[in-house]
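Q: Could you take me on a close look at the salt bridges in this protein? I am a first-year student and would like to see which parts of the chain they join.

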Amino acid sequence: MEEVLANRKIIHVDMDAFYASVEQMDNPKLREKPLAVGGGGKRGVISAASYEARVFGVRSAMPGFKARKLCPDLIFVRPRFDRYKEISSQIRKIFFEYTDLVEPLSLDEAYLDVTENKKGNPSATLIAQQIRKQIFDEVGLTASAGISINKFIAKVASDYNKPNGQKTVNPEDVIEFLEVLDVKKFYGVGKVTQAKMYQMGIYTGKDLKSKSEEFLTQHFGKSGGHYYKIVRGIHLSEVKPNRERKSLAAERTFSENIASEIYMLERLENIAEELQKRLKNNKVSGRTVTLKIRYSDFSLQTRSKTLPYFVNDADILLETARELLYQEKMRDSVRLLGISLSNLNTGKEKKKEKEEVEIIQLRFDF
């Protein structure tokens with residue numbers, strides 16, 4: 001097992017402040033300025049922040065009003081996702097010059113397995129340097145990279161020398177690297193789990209490693225077994241080039257809180273139509289509809305229903321969302337609504353669906 005792990009060479013490439021960096025690249029007037037992509041509206045949420053803005057504590061997923069308080073000179077720009085996708089496509093072409101084993105996680109990051117690569121280069125560290133240089137020379141943006149024996153360690157390492165840097169964790173250094181790592185740096189450990197671990201006296205990888213698998217499972221459920229393995233450098237997940245999408249969603253944050261369920265249904269109709277477009281563009285359908293509700297106090301609630309057939313039609317999405325909306329009384333006024341569709345007919349499910357289930361598609365006049 002250990003020999004197999006040690007023979008793998010995985011790179012995690014992560015673009016530096018991608019959306020913000022694209023905006024600064026395209027508009028020289030924005031360079032070296034504190035910049036936020038999104039979040040400019042009264043109720044907006046930031047999608048990305050430049051490193052100049054991060055100095056003030058501005059972060060992605062932060063409400064725009066809070067970011068303004070932290071950085072009064074913050075410049076807000078509207079997201080241009082078509083442009084980000086265009087740049088992302090250019091970057092992925094570079095990845096494929098080195099290996100076909102590329103697993104994109106989002107527009108701005110991906111795993112690469114370069115154990116056997118098209119360049120015949122035995123050094124994953126040198127390959128990462130070449131890729132980062134090529135991205136800068138051909139695209140004009142900087143990237144950071146982590147290099148190690150598995151995806152988990154490579155991802156953690158890519159965050160070490162940001163921006164525009166990289167870190168290699170060699171096989172013989174894996175255990176030492178993980179033992180001194182703060183548990184909050186472990187990918188998959190969120191704020192709630194971090195706080196729980198701290199309360200138990202688990203601050204570092206070494207502390208985590210001292211706990212038995214039984215103890216971790218007892219306190220963290222199935223995730224406990226995952227933590228037990230990764231702190232020992234065991235993560236067998238392969239780089240999967242054809243990463244299957246698990247869900248598609250559409251959501252809206254409102255300029256004013258909504259208390260009337262009638263108004264909510266009006267917004268949900270638009271959201272359902274947007275989701276239908278995304279489903280049909282991706283040529284997928286699904287069975288599990290989830291209604292996402294974020295209340296005015298920022299608390300989040302989800303309600304789901306699994307249908308007996310695959311759907312990708314706005315009418316059915318809206319009708320199911322309506323049913324979920326009336327499933328129980330609303331706790332407060334609402335600032336965000338969203339609809340997502342999971343249990344998609346991708347891969348084996350799509351083949352099975354063709355054989356057994358007819359997709360329900362309603363035709364109606366506009």
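A: Happy to help; here is a walk through the salt bridges, pair by pair. This is a predicted model, where local features need pLDDT of at least 70 and side-chain atom pairs count only at pLDDT 80 or more, while totals for chains, interfaces and linings use all residues. Residues are numbered from 1 along each chain as its sequence is written, and side-chain values use heavy atoms, with hydrogens and water left out.

Side chains of opposite charge can pair when their charged atoms come close. A salt bridge here is a side-chain nitrogen of Lys or Arg within 4 Å of a carboxyl oxygen of Asp or Glu. The whole structure holds 16 salt bridges.

Start with Lys151 and Glu103, whose closest N and O atoms are 3.0 Å apart. Lys151 sits in helix α7 (residues 151-158) and Glu103 in strand β5 (residues 102-106), so this pair ties together parts 48 residues apart in sequence. Helices (H or I, at least four residues) and strands (E, at least two) are DSSP runs, numbered from the N terminus. Lys151 is buried, at 6% relative accessible area, and Glu103 is buried at 1%. Buried means under 20% relative accessible area, exposed over 50%, and partly exposed in between (1.4 Å probe, protein chains only).

Helix α7 also holds Lys155, which pairs with Glu109 at 2.7 Å between the closest N and O atoms. Glu109 belongs to strand β6 (residues 109-113), so the pair ties together parts 46 residues apart in sequence. Both Glu109 and Lys155 are buried.
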